[in-house]
Amino acid sequence: MIDLRSDTVTRPTPAMLQAMANAPTGDDVFGEDPTVNELERRMAALFGHEAALFCSSGTQTNQIAINVHTRPGDEVLCDEGAHVYRYEGGGTMANSGCSVRFLPAERGRFTARDVEAAINDPGNPHLARTRLVVIENTANRGGGAVWDIAEAGRVRAVCDAHGLALHLDGARIFNAMAVDRTAPSHWGTTFHSVSICLSKGLGAPVGSVLTGNAALIAQARRVRKRWGGGMRQAGILAAAGLHALDHHVDRLHEDHERAKRLERILFDLPWVEHVLPVETNIVVVALKDSGGVPRVLAALKEREVLAVAFGPGMLRLVTHLDTDDEAIDRVAGILRTLHP
Ligand SMILES: *Cc1c(COP(=O)(O)O)cnc(C)c1O
């Protein structure tokens with residue numbers, strides 16, 4: 001099977017497993033796991049933040065961040081396709097009692113002006129208190145679109161002017177940085193908190209990290225514990241993250257080149273309506289026959305290629321650590337002979 005459903009499907013490499021097996025461990029709830037501490041230190045330093053917290057998933061880091069930044073009754077601003085709204089089980093509302101207001105966006109990217117226009121008058125008791133803005137980079141539903149760091153900076157200026165917090169859902173921030181060559185510290189200094197997934201393009205089996213200032217991360221640690229997210233000898237997992245930082249960051253451009261190849265092939269197929277411009281490792285395809293998604297997925301599966309449905313008439317393919325050039329050659333051949 002060539003599994004292009006997501007970049008989460010990667011298996012740990014032999015070298016990563018070795019690093020996990022060799023990791024020194026301790027009880028992380030006591031703060032005594034040296035490998036977790038090392039990962040948290042390293043991520044905080046990379047992103048120019050004071051502290052970091054290792055969590056089980058990107059949903060957990062995002063949800064903890066939202067909880068720390070807000071009070072019940074507050075409002076969160078984001079794109080309607082944002083993971084924090086669409087794919088976290090209603091967590092923003094259920095865990096933190098916040099309403100969500102959508103910003104008009106182009107492939108997941110909005111502007112500082114859009115943010116400013118959506119802020120409620122804090123003096124009007126009828127209205128929810130606008131409290132938090134969430135940016136997703138890369139934007140998954142935008143087809144892996146990369147945010148402009150300068151626009152994010154302008155969003156931060158609006159947030160500062162209105163006393164709002166700014167959170168980065170950077171599940172795939174390393175993919176974004178591989179494209180625009182921005183430094184992690186650019187993103188860290190632009191945002192109050194950053195969530196980074198180790199289990200997507202970086203290829204670790206489990207884990208995400210939240211970074212922020214010391215007070216924010218101290219409160220985040222309390223919320224993680226309250227929600228049952230305290231882990232004990234988690235160093236075996238953190239070791240996979242450290243290994244990923246050392247060995248799987250510089251190769252991300254390969255995933256992007258392979259996604260570009262898929263884009264070029266798909267673009268020419270008679271049954272494809274359009275492909276969202278490929279910027280990173282995500283390829284979103286709209287079919288001419290909007291009811292044809294199950295048929296295309298089944299035909300691909302018959303030929304041992306997996307993709308996922310991605311909204312009406314759309315499907316998504318994602319390249320990753322376990323898809324080499326040979327796999328893309330095979331997929332290319334299959335796509336060209338498909339007559340769904
Ligand atoms: C995958 C992802 C997350 C986190 O998902 P988990 O499966 O909970 O780790 C968060 N945001 C975005 C944009 C994602 O793609």
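A polar contact is a pair of N or O atoms within 3.5 Å. With that cut-off in mind, the tour of this predicted model begins at the ligand.

**The ligand and its polar partners**

Select the ligand together with Gly-58: a polar backbone atom of Gly-58 is 2.8 Å from an oxygen atom of the ligand. Add Asp-169 next, where an N or O atom of the side chain is 2.6 Å from a nitrogen atom of the ligand. Then display Arg-172, which places a polar side-chain atom 2.9 Å from an oxygen atom of the ligand. The protein buries 83% of the 380 Å² that the ligand exposes when taken alone.

**The surrounding shell**

Extend the selection to the other residues around the ligand, including Ser-57, Thr-59, Asn-62, His-83, Glu-136, Ala-171, Cys-197 and Lys-200. By class, this shell holds two nonpolar, five polar and four charged residues. Colour helix 3 (residues 58-69) separately, for this helix supplies three residues, the largest share of the shell.

**Arg-251**

Now move to Arg-251, in the loop that lies between helix 11 (235-247) and helix 12 (252-267). Is Arg-251 buried or exposed? Its relative accessibility is 11%, so Arg-251 counts as buried, the cut-off being under 20%.

Show the side chains of Arg-251 and Asp-255, which make a polar contact at 2.6 Å. Beyond the neighbours within four places in sequence, select Gly-201, Arg-258, His-320 and Leu-321, with which Arg-251 is in contact. As a last step, draw a distance between the C-alpha atoms of Arg-251 and Gly-201: the separation is 9.6 Å, although the two residues are 50 residues apart along the chain.

Key:
Residues numbered from 1 in each chain as written. Predicted model: local features only at pLDDT ≥ 70, side-chain atom pairs only at ≥ 80, totals over all residues. Heavy atoms only, no water. Near = heavy atom within 4 Å. Polar contact = N/O pair within 3.5 Å; in protein donor to acceptor, adjacent residues only side chain to side chain. Areas by Shrake-Rupley, 256 points an atom, 1.4 Å probe, with all protein chains shown as cover. Helix = DSSP H or I, 4+ residues; strand = E, 2+ residues; numbered from the N terminus. Nonpolar A, V, L, I, M, F, W, Y, C, P; charged D, E, K, R; others polar. Buried < 20%, exposed > 50% of the residue type's maximum accessible area, 1.4 Å probe, protein only. Contact = heavy atoms within 4.5 Å.
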